[in-house]
Amino acid sequence: MPLTDRSEPSESSSAAALPDYWSFVQAAQRRISEEFPDADLEANRVFLSLNRSSSTAVYDFESSIHRPAGGTWSSFRLLLALWVAGPLNPHEAARLTGMSRAAVSNLTATLVGKGLLRREASPADGRSVTLHLTDAGQAKIRTAVRAQNDRESQWAEALTEEEQRTLVSLLEKLMEQRERIGARARK
């Protein structure tokens, strides 16, 4: 069934909580199909949905967990990268977090000021630095990871374990496609 023929979500559905999303998707699909009759509306809906669900979840994580704890989504990502990978130079941290090097640099200054990170001269290259979590940074990220995972579990309760595995498998498949089509990524 073409996506433009799908009916509005019922008021009893969980989608009713996001009427702006559904009406926007339907309007976008109508407009795209009018302007570009050969457009791949299924692909369009996949990525509109992926983008919206991702940004909605990130906003929820930031506003319910990280901001109340004095942090941000970006600071969580940087602290997490250092917690998982260990000390990193800013370039590596940018690559792992998906942030620009300038964003990592600015964020590093803030987190150093809060006592969560420290910069050390790189033993391999005196012109470069290595970012390290402080003890306070270790404690902060451990608390944040626990709270984040609790919230992730709440979100994921909408799906069975099999559906969760399927969704992860499908997202991994999309990420593999990224390389095949030469998609751009932050460096």
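Let's start at one residue: Asp150 is partly exposed, because its relative accessibility is 40%, between the cut-offs of 20% for buried and 50% for exposed. Keep in mind that the model you are looking at is predicted. Asp150 has a charged partner, since the side chains of Arg146 and Asp150 meet in a salt bridge with an N to O distance of 3.2 Å. Both residues sit in helix α6, 4 residues apart, or about one turn of the helix. Arg146 is partly exposed too, as its relative accessible area of 49% tells us. Elsewhere, Glu161, Glu162 and Arg165 are joined into one network by salt bridges that share partners.

Helix α6 also takes part in a link of another kind. Arg151 and Asp60 bring their side chains together in a salt bridge, 2.6 Å from N to O. This pair ties distant parts of the chain to each other, for Arg151 belongs to helix α6 and Asp60 to helix α2, with their positions 91 residues apart. What is the relative accessible area of Arg151? The value is 28%, so Arg151 counts as partly exposed. Asp60, on the other hand, is buried because its relative accessibility is 13%, which falls under the 20% limit. A little further along the chain you can find Glu62, which forms a salt bridge with Arg67, their closest N and O atoms lying 3.5 Å apart. Glu62 is buried as well, given a relative accessible area of 17%. In total, the structure has 8 salt bridges.

Now step back to see the whole fold. The protein has 7 helices and 2 strands, and from the N terminus the order of elements is α-α-α-α-α-β-β-α-α. Of its 187 residues, 25% are buried. Looking at contacts with a separation of 6 or more, 49% come from residues 24 or more positions apart. The protein exposes about 12,600 Å², and 54% of this area is supplied by carbon and sulfur atoms.

From here we can move to the interior. The largest nonpolar core holds 22 residues, and those touching the most other members are Leu78, Leu79, Leu82, Val104, Leu111 and Leu117. Two or more residues each come from α2, α3 (73-85), α4 (90-97), α5 (101-113), β2 (129-133) and α6 (135-156). Which element gives the most to this core? That is α3, with 6 residues. Leu117 is a good residue to click on: leaving aside residues up to four places away in sequence, Leu117 touches Leu78, Leu79, Leu82, Thr108, Leu111, Val112, His132, Leu133 and Thr134. Aromatic side chains deserve a look too. The whole structure contains 2 aromatic pairs, and one aromatic cluster is formed by Phe61, Trp73 and Phe76.

Another member of helix α6 worth visiting is Gly137. Is Gly137 buried or exposed? With a relative accessible area of 0%, Gly137 is buried, because anything under 20% counts as such. When residues up to four places away in sequence are not counted, Gly137 touches Gly115 and Leu116. Gly137 and Leu111 are separated by 26 residues in sequence, while their C-alpha atoms are 8.6 Å apart in space. For Gly137 and Lys114, the separation is 23 residues in sequence and 9.0 Å from C-alpha to C-alpha. Lys114 lies in the loop between α5 and β1 (117-121). Lys114 counts as partly exposed because its relative accessibility is 47%.

Finally, turn to the outside. A nonpolar patch on the surface is made up of Val46, Phe47, Leu50, Leu159, Leu167, Leu171 and Leu174, which together have about 520 Å² of accessible area. At least two residues of this patch come from each of α2 (41-66) and α7 (161-181). Leu174 is part of helix α7. Leu174 counts as partly exposed, since its relative accessibility is 32%, and this value also passes the patch requirement of over 30% relative accessible area.

Notes:
Residues numbered from 1 in each chain as written. Predicted model: local features only at pLDDT ≥ 70, side-chain atom pairs only at ≥ 80, totals over all residues. Heavy atoms only, no water. Patch = residues over 30% accessible without salt bridge, like charges linked within 9 Å, V, L, I, M, F, W, Y side chains within 5 Å. Areas by Shrake-Rupley, 256 points an atom, 1.4 Å probe, with all protein chains shown as cover. Salt bridge = Lys/Arg side-chain N within 4 Å of Asp/Glu carboxyl O. Buried < 20%, exposed > 50% of the residue type's maximum accessible area, 1.4 Å probe, protein only. Core = buried A, V, L, I, M, F, W, Y, C linked by side-chain atoms within 4.5 Å. Contact = heavy atoms within 4.5 Å. Phe/Tyr/Trp six-rings, centres within 6.5 Å; stacked < 30°, edge-to-face > 60°.
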